[in-house]
Amino acid sequence: MAFDLSKKENQLSVLAEEGVEFELKHPDTDEPLDAFIKVRGARSKTAERHLRKMINEQAREEAIRSRGKDKDKPRPIEESIEGMNEIAYVRVISWRGIEDQGVPYELTKENALALFERESWIRDQILEVSNNAERFLPE
C-alpha cells in the first residue's frame, strides 16, 4: 500500500495543528495536577511559521551585532530563555485548571510568558509534548 498524502492520518502538520491535551505533572513527584494544557505540535504550520520568523529575526540581529561594538559579546542567556517562552506560548491552544490565588488564570500572551518565567517546568512540559510527533498521530 502506498503512502497517500490525501489521508488525514498522513498529514502530520494538520494533526499537529489540531493539538493534543495533556495533564500537567508535578516536576518532582510526577503526580498529576488536575491542570490541562492543549498544545499544537512542533510540526504544525503555526509553530513552524513562528520558528522561521524567530530564526530570521535572530539572524538579522546577529548580523547587526557583528558589525557593531558588541560583536564579541555573547548573546545573553535571557534572550534564549525568552525565545523558548515565546515558542511555548505559540504552541499553547488552551488551558484549564490553572489558577492564581483561587482565580482561573486566563490564557493571554502576557500571562503565559509570566507563568513560564515563574515556573519554567510548565514551559518544559509544553515543549516536551509538542515536540513529540507521536502524540499527534491517530490511535
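Below is an informal back-and-forth about a predicted model of one protein.

User: To get my bearings, how many helices and strands does the protein have, and what pattern do they follow along the sequence?
Analyst: This is a predicted model, so keep that in mind throughout. The protein has five helices and five strands. Read in sequence order, they give the pattern α-β-β-α-α-β-β-β-α-α.

User: What share of the residues counts as buried?
Analyst: The protein has 139 residues. The cut-off for buried is under 20% relative accessible area. By that rule, the buried share is 27%.

User: Which share of the contacts with a separation of 6 or more comes from residues 24 or more positions apart?
Analyst: Here we take the contacts in the protein with a separation of 6 or more and pick out those between residues 24 or more positions apart. Their share comes to 58%.

User: Let's look at the sheet. What is the strand order?
Analyst: S1 (residues 20–25) pairs with S2 (residues 32–39) in the antiparallel sense, over five bridges. S2 is also joined to S3 (residues 92–96) by four bridges, again antiparallel. That gives an open sheet of three strands, in the order S1-S2-S3.

User: Which strands stand at the edges, and how much does the sheet twist from one strand to the next?
Analyst: S1 and S3 each have a single partner strand, so one side of each has no neighbour in the sheet. Those two, S1 and S3, are therefore the edge strands. From one strand to the next, the twist averages 30°.

User: Can you pin the register down: what are the bridge partners of Val-20 and Ile-37?
Analyst: For the pairing of S1 with S2, look at Val-20, whose partner in S2 is Val-39. For S2 with S3, look at Ile-37, whose partner in S3 is Trp-95. So the names you want are Val-39 and Trp-95.

User: Which residue in the turn between S1 and S2 has a positive phi?
Analyst: S1 and S2 form a hairpin, with six residues between them. In that turn, a phi of about 65° belongs to Asp-30.

User: Is Asp-34 buried or exposed?
Analyst: Asp-34 sits in strand S2. Its phi is also positive, near 60°, in a residue other than glycine. Exposed means over 50% relative accessible area. Asp-34 has 56% relative accessibility, so it counts as exposed.

User: And where is Gln-101, and what is its relative accessible area?
Analyst: Gln-101 is in the loop between strand S4 (99–100) and strand S5 (103–104). Its phi is near 55°, a positive value in a residue other than glycine. Gln-101 is exposed, with a relative accessible area of 79%.

User: Over to H5: how far does this helix reach, and which of its residues are buried?
Analyst: H5 (residues 120–131) has twelve residues. From first C-alpha to last it reaches 16 Å, close to the 16 Å expected at 1.5 Å a residue. Its buried residues are Ile-122, Arg-123, Gln-125, Ile-126, Leu-127, Val-129 and Ser-130.

User: At what angle does H5 run to S1?
Analyst: H5 lies across S1, S2 and S3. Relative to S1, the helix runs at about 145°.

User: How are H4 and H5 arranged, and what classes of residue make up their contact?
Analyst: The axes of H4 (residues 109–118) and H5 come within 5 Å and cross at roughly 110°. The two helices are therefore roughly perpendicular to each other. On the H4 side the contact uses Leu-115, Phe-116 and Arg-118, which meet Ser-120, Ile-122, Arg-123 and Ile-126 of H5. By class, that is four nonpolar, one polar and two charged residues.

User: Last one: which residues does Ala-133 touch, leaving aside its neighbours within four places in sequence?
Analyst: Ala-133 lies in the segment after H5. Its C-alpha is 7.8 Å from that of Leu-12, although the two are 121 residues apart along the chain. With those sequence neighbours set aside, Ala-133 is in contact with Leu-12 and Arg-43.

Conventions. Residues are numbered from 1 along each chain as its sequence is written. This is a predicted model: local features need pLDDT of at least 70, side-chain atom pairs count only at pLDDT 80 or more; totals for chains, interfaces and linings use all residues. Side-chain values use heavy atoms; hydrogens and water are left out. Two strands pair if DSSP finds at least two bridges between them. The expected span of a helix is 1.5 Å times one less than its number of residues. Buried means under 20% relative accessible area, exposed over 50%, partly exposed in between (1.4 Å probe, protein chains only). Axes are lines fitted to C-alpha atoms, for helices over the stretch in contact, and angles run from 0 to 180 degrees between N-to-C directions. Angles under 35 degrees count as roughly parallel, over 145 as roughly antiparallel, 65 to 115 as roughly perpendicular and the rest as oblique. Contact means heavy atoms within 4.5 Å. Ala, Val, Leu, Ile, Met, Phe, Trp, Tyr, Cys and Pro count as nonpolar, Asp, Glu, Lys and Arg as charged, and the others, Gly among them, as polar.
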